[in-house]
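Trainee: I'd love to walk through this one with you. Could we take a strand and then a pair of helices?

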Amino acid sequence: MTDSANQPVWHQPQVSRETLWSAHDFHGMTIWLTGLSGSGKSTIAHELARVLTANGEFAYVLDADNLRHGINSNLGFANEDRAENVRRMAEVAKLFADAGAVTIVPIISPFASGRQFARLIHETNDLEFIEVYVATSLDTCEQRDTKGLYAKVRAGENIGLSGVNAPYEPPTNPEFVLGAHGESVEQCIDVLLKDITRRFNLKR
C-alpha cells in the first residue's frame, strides 16, 4: 500500500461553526500572551478567564506548563523542542477557538516564527488571534523569579532561560503591549476585556 493511500482525510463537521456558536452564544478566539518567565503571563491569563467566566463567557486557559505534563511531555527545552511546543500549542488553541472558546495561551514562545505560525493558522481559518506582549522588564522578572529559574542561571546552571542565556525575540507588532510600565493585573485585564467585548459586539 502506498503512502498516499494512508493520507488522513479531513472530515467536515455536520454542525457548522456558525450553528455551534449561535446555539451557545459563543465567540471563539485566541489570546496569545508572550513574554519572559515571570512576566505575569499566567497570572493575567487565569484572571482573565475567571472574569470572562463570571460574565457568562466560555473561556479556557491553555497553560504551556500544564501541557508539558501531557501532550508535550516528550519535549525538552532545546530550540527545536521549544519550536515544536509552540506549534502544538497553536494547533490545540485553534481547535479550542473553533469550538467557541475564548482560548487564552500564556507561553513564552521565544521565536517570532512560532508566533507567526500561530497567527497564520488562526487567520487562515477565519479565527481571531490577539497577540499580547507582556513586556515586564528582565529586572522585574528576575526579582519575582516565581519558579527559581533566574537564581539557577545566576548560580551557573545552563538551563536555557529565554532572554538570559537562550533567545527571546520580542514581538514587533502585537495587538497589545502590557506590563512595560508596571501596570497592575487589574489594569491589564481591563484593557483586554474592553477589546474582547468590542469584538463580541461586532459579531453579535
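Trainee: Let's start with S1: which residue in S4 does tryptophan 32 stand opposite?

Mentor: Happy to help, and keep in mind that this is a predicted model. S1 and S4 (residues 128-134) run parallel and are joined by six bridges. Within that pairing, the residue opposite tryptophan 32 is glutamate 131.

Trainee: And which residue in S3 is the bridge partner of methionine 29?

Mentor: S3 covers residues 102-106 and pairs with S1 in the parallel sense, over five bridges. In S3, methionine 29 has as its partner valine 102.

Trainee: Is S1 largely enclosed or exposed?

Mentor: Look at both of its sides. In a regular strand, side chains alternate between the two faces of the sheet. Here Met29, Ile31 and Leu33 point one way while Thr30, Trp32 and Thr34 point the other, and all are buried. With six of the six residues of S1 buried, the strand is largely enclosed.

Trainee: Now the helices: are H4 and H5 roughly parallel or roughly antiparallel?

Mentor: The axes of H4 (residues 79-98) and H5 (residues 112-124) come within 9 Å and cross at roughly 25°. Angles under 35 degrees count as roughly parallel. The two helices are therefore roughly parallel.

Trainee: How many nonpolar residues does the contact of H4 with H5 have?

Mentor: H4 passes H5 in a right-handed crossing. The H4 side of the contact includes Val86, Ala90 and Lys94, and the H5 side includes Phe117, Ile121 and His122. By class, the contact has three charged residues, two polar ones and, to answer you, nonpolar residues numbering seven.

Notes:
Residues are numbered from 1 along each chain as its sequence is written. This is a predicted model: local features need pLDDT of at least 70, side-chain atom pairs count only at pLDDT 80 or more; totals for chains, interfaces and linings use all residues. Side-chain values use heavy atoms; hydrogens and water are left out. Buried means under 20% relative accessible area, exposed over 50%, partly exposed in between (1.4 Å probe, protein chains only). Helices (H or I, at least four residues) and strands (E, at least two) are DSSP runs, numbered from the N terminus. Two strands pair if DSSP finds at least two bridges between them. Axes are lines fitted to C-alpha atoms, for helices over the stretch in contact, and angles run from 0 to 180 degrees between N-to-C directions. Angles under 35 degrees count as roughly parallel, over 145 as roughly antiparallel, 65 to 115 as roughly perpendicular and the rest as oblique. A crossing is left-handed if the near helix is turned anticlockwise from the far one by less than a right angle, and right-handed if clockwise. Contact means heavy atoms within 4.5 Å. Ala, Val, Leu, Ile, Met, Phe, Trp, Tyr, Cys and Pro count as nonpolar, Asp, Glu, Lys and Arg as charged, and the others, Gly among them, as polar.
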